[in-house]
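Trainee: I would like a close look at a single part of this structure, the side of one chain that touches the other, together with the domains that lie behind it. Could you take me through it in one connected account?

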Amino acid sequence: MTPYRKILALSLGLLAATALPALTRAADAPVKGGTLVYLEQQAHTNLYSPAGGFYPNGGILNQITDKLTYQNPKTLEIEPWLAESWQINENATEYTFKLRSGITFSDGTPVDAAVIAKNFDTYGLGDKALKKPISEVVNNYERSEVIDPLTVKFYFKKPSPGFLQGTSVIGSGIVSLSTLALPFEQLGDATKIIGSGPFVVAAETIGKTLDLKVREDYKWGPAKLEHQGRAYLDEIKYIVTGEDSVRIGALLAGQADFIRQIQAYDEGQVEAQSFTIYAPGTRGMNNSIAFRPDNPLLADVKVRKALSLAVNRDEIISTIFSKNYPKATSVLASTAIGYVPQTDKLEFDLEKAEALLDEAGFKAGSDGIREKDGQKLVLTAYASLPQPQSQAVLQLIAQQWSKIGVKFNVLAGDAGSKVVDELDPLKTPIAVAMVGRADPDVVKSLYYPTLRNQLLQQGGTSDKVKTFSDAKLNAILDEIASQPDREKRLKAVADAQAYVLDQAYAVPIFEEPQAFAGAPYVKGIAFEAVGRPSFYSTWLDK
Amino acid sequence: MSRYVVGRIGQALLVLWAAFTLSFILLQAMPGDAVLIKFLNPEFGLSADQIREIRAAYAIDSGLLVQYANTFANFLQGDFGYSMQAGVPVSAQLATNLPPTLKLAGLGFLAATILAVFIAFLSTMAPFAWLKNLIQSLPSLFISVPVFWLAIMLIQIFSFRLKLVSVINPGPWESVVLPVATLAVPIAAPLAQILIRNIDEIRTRPFVPVARAKGASEIGILWRHVARNAILPVLTIAGVLFGELLAGAVVTETVFGLNGIGGLTEKAVSNQDLSVLQAVVVISAAAFVTINLAVDLAYPLLDPRLRTRNGATA
């Protein structure tokens with residue numbers, strides 16, 4: 001049981017206990033109708049499906065588009081949705097999907113094999129003419145083939161075992177041909193996104209409000225869900241409210257029903273009024289700091305180990321966070337597929353840290369900062385705006401490191417120079433890292449040089465990297481993304497976790513949740529595997 | 001007169017062109033660019049090659065002069081390009097954001113003027129010295145109140161506690177009351193200060209005792225004789241205060257969650273959304289230029305002395 005479900009179960013239990021005597025009708029019979037007022041922290045950006053990773057985008061796309069498959073957020077198993085069934089060949093290079101019949105987009109056009117093929121051709125190959133990039137979750141894609149109106153087959157150049165899960169994520173949301181025909185730069189207008197989901201975009205004021213209306217004829221929700229047919233809510237009203245105190249105040253004052261992004265220090269006042277905190281985990285790579293060994297200061301594994309040993313996770317969590325932010329026990333979240341605990345590699349031991357730094361030749365200088373050959377051990381990182389309390393976390397780490405004679409400069413996350421500097425290991429020897437995705441491919445996403453390249457190896461976007469490259473790590477990562485055998489693939493995931501921490505390439509800190517809060521009468525809130533809300537089964541008990 | 005007007009309009013256009021060119025150069029000089037920020041964002045997880053292809057598609061690495069000429073030609077035709085971050089045309093963003101800001105700024109300025117005049121008159125009419133001092137120190141208080149704090153206090157008190165107005169999903173009036181009040185306070189302060197100082201100074205001029213001797217009432221003197229003379233410097237400062245209005249609007253719009261140019265600018269700055277920034281700079285410059293032009297042209301209407309002098313040169 002993950003913590004959020006515990007809280008949920010607890011608060012629902014409490015609610016039931018207090019509400020049951022007063023209620024005569026069945027306690028859990030969902031009521032149709034009503035408008036959910038949802039306060040978002042940030043405006044959505046481009047709604048090209050593969051850009052659905054951004055939480056404000058995912059929160060919208062998840063209501064208006066359906067996916068080929070459904071990943072059960074509890075078991076992480078892949079279940080039917082738009083596809084009734086599927087077959088995968090032995091080395092995971094050919095996938096055949098049989099579609100459910102009678103599905104239509106909100107503009108009336110059918111969801112058939114041709115349109116599904118066109119969707120994945122775009123996500124797998126990109127579309128240069130329309131400036132659409134390739135999707136992160138579709139690896140090694142070659143081509144599609146329409147076998148009959150309800151059967152579509154995909155071919156891959158190399159084994160692509162992550163593709164089945166890839167068809168279940170928000171980034172693979174299926175849209176109509178008319179939406180696919182639009183150039184990338186026009187996809188920021190939500191009214192142009194035509195999906196087959198339980199809600200339809202009715203109106204939008206760009207950057208401010210978005211109104212979704214229920215689709216009355218919707219009858220193709222994930223087959224194994226208890227709830228079938230149209231969504232319970234009539235409407236969802238998204239309102240962008242950037243200011244934390246206004247979102248929380250509005251929720252507590254009854255002006256809103258559900259809000260996204262609530263900081264740990266605000267949780268108390270919300271729960272004190274018996275409102276519910278939802279903190280679904282993101283089941284991917286934990287919130288961590290990654291080292292860039294290309295920087296000479298961090299080239300020695302002893303130095304990286306020392307820095308890792310000097311980070312006190314318990315202090316960070318008790319000072320800045322709450323019970324909804326579990327301590328990291330590996331680079332992967334404990335709820336992720338393939339997680340193996342690595343607690344022995346994640347100790348807190350200042351004495352050992354100092355001994356390692358001494359061994360590495362860094363001796364305390366006159367100002368208390370360690371140095372070697374005149375080079376001071378001064379490190380720098382930018383805070384990461386999407387990550388909770390990133391600036392505070394880094395500053396606390398800076399305090400902790402100062403005890404072993406390391407100076408750590410923390411720069412603001414909104415600095416204009418951030419993007420360029422983060423490509424230069426000399427300017428940013430450390431970076432904040434985190435990715436959510438409920439498939440082992442996520443490990444490769446974060447570290448592989450041609451992907452997010454958090455360690456800044458050679459071969460990535462940066463031209464500032466001089467020598468650093470780790471062939472062994474990359475081989476393990478390749479194995480994760482292309483090993484069709486499930487057991488062998490999980491073995492590679494375990495190897496990657498152990499190897500990254502043996503090399504002390506990263507210091508995982510906590511398992512990052514997405515925090516939401518809802519009014520007591522909001523029922524049936526669900527989250528997909530990575531913590532984006534689904535309002536399909538949500539109803540208002542008022 | 002007409003030559004004067006044509007000359008001033010010519011100057012205005014020159015200022016606009018300079019604003020466009022300078023902002024273009026400065027924006028290009030920034031490290032990184034919108035495409036990099038948008039697509040390097042780990043949410044996309046794109047590879048280096050993919051990013052290079054996208055950059056080529058957006059012609060972001062073509063020569064500066066070519067880009068400048070293209071952008072300038074597009075601006076002349078009213079085409080502001082696309083917002084890289086939001087994925088919509090800049091003109092659509094302006095269409096949704098400009099009217100609310102104009103409404104907020106207009107009402108805020110009106111409220112500030114009323115507030116300033118009220119304070120100034122009150123301080124002039126105050127019967128006791130201590131009361132006058134108290135009222136005269138109000139502007140200093142107003143200007144030192146952080147807009148951000150004021151906005152949050154107003155929301156907490158009037159919306160969340162007293163439940164008088166709704167911040168979320170407000171009606172047409174509900175949506176402006178608190179933001180206008182927030183915006184009016186810091187703008188009213190300098191207006192009131194200048195007005196008070198001018199009134200005090202003009203009341204020492206010889207024509208005031210003359211009017212009083214002729215039997216005019218204190219209010220009459222203040223309204224008909226003193227105020228008309230005191231208003232000119234206020235008009236000058238009003239043009240400058242427009243900038244303050246825009247700055248105040250950024251905070252007000254963020255806190256109240258209103259859409260408007262302020263919020264648009266803030267987002268564009270953090271994403272280096274150059275086409276949006278360029279459009280905002282040019283539009284702000286246009287607004288400044290127009291307001292200062294209007295102020296210059298309004299002087300002669302308010303002050304007959306300026307009218308004759310202008311008449312003589314035209």
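Mentor: What follows begins with the contact between the chains, then turns to the domains of each chain, and ends with one helix. Please keep in mind throughout that this is a predicted model.

The contact between the two chains takes 47 residues from chain A and 46 residues from chain B. On the side of chain A that touches chain B, the elements that give two or more residues are two strands, β1 (35–40) and β10 (235–240), and two helices, α6 (244–252) and α12 (418–421). Of these, α6(A) gives the most, with 4 residues. In character, that side of chain A divides into 18 nonpolar, 19 polar and 10 charged residues.

Behind this surface, chain A is divided into domain 1, made of 3–279 together with 515–540, and domain 2, which covers 285–510. The C-alpha centres of these two domains of chain A lie 31 Å apart, and the contact between them takes 24 residues from domain 1 and 21 residues from domain 2. The side of domain 1 of chain A that touches domain 2 of chain A is made up of 13 nonpolar, 7 polar and 4 charged residues.

Chain B is likewise divided into domains, with domain 1 at 2–76 and domain 2 at 96–306, and 33 Å separate their centres, taken over C-alpha atoms. Here 16 residues of domain 1 of chain B are in contact with 13 residues of domain 2 of chain B. The elements that give two or more residues to the domain 1 side of this contact are the helices α1 (2–29), α2 (34–40) and α4 (64–76) of chain B, and the largest share, 9 residues, comes from α1(B). The residues on that side of domain 1 of chain B divide into 11 nonpolar, 3 polar and 2 charged.

Returning to chain A, helix α3 (residues 113–125) has 13 residues and reaches 18 Å from its first C-alpha to its last, close to the 18 Å expected at 1.5 Å a residue. The buried residues of α3(A) include A:Ala113, A:Val115, A:Ile116, A:Asn119, A:Phe120 and A:Tyr123. What covers the buried residues of α3(A) includes the strands β5 (94–99), β6 (141–148) and β7 (151–156), as well as the helix α5 (177–180), of chain A. Just after α3(A), A:Gly126 takes a positive phi of about 75°.

Technical notes
Residues numbered from 1 in each chain as written. Chains lettered and ligands numbered in written order. Predicted model: local features only at pLDDT ≥ 70, side-chain atom pairs only at ≥ 80, totals over all residues. Domains from an automatic or database assignment. Contact = placed C-beta atoms within 7 Å. Nonpolar A, V, L, I, M, F, W, Y, C, P; charged D, E, K, R; others polar. Expected span 1.5 Å × (residues − 1). Buried ≥ 20, exposed ≤ 12 C-beta atoms within 10 Å, placed from the backbone.
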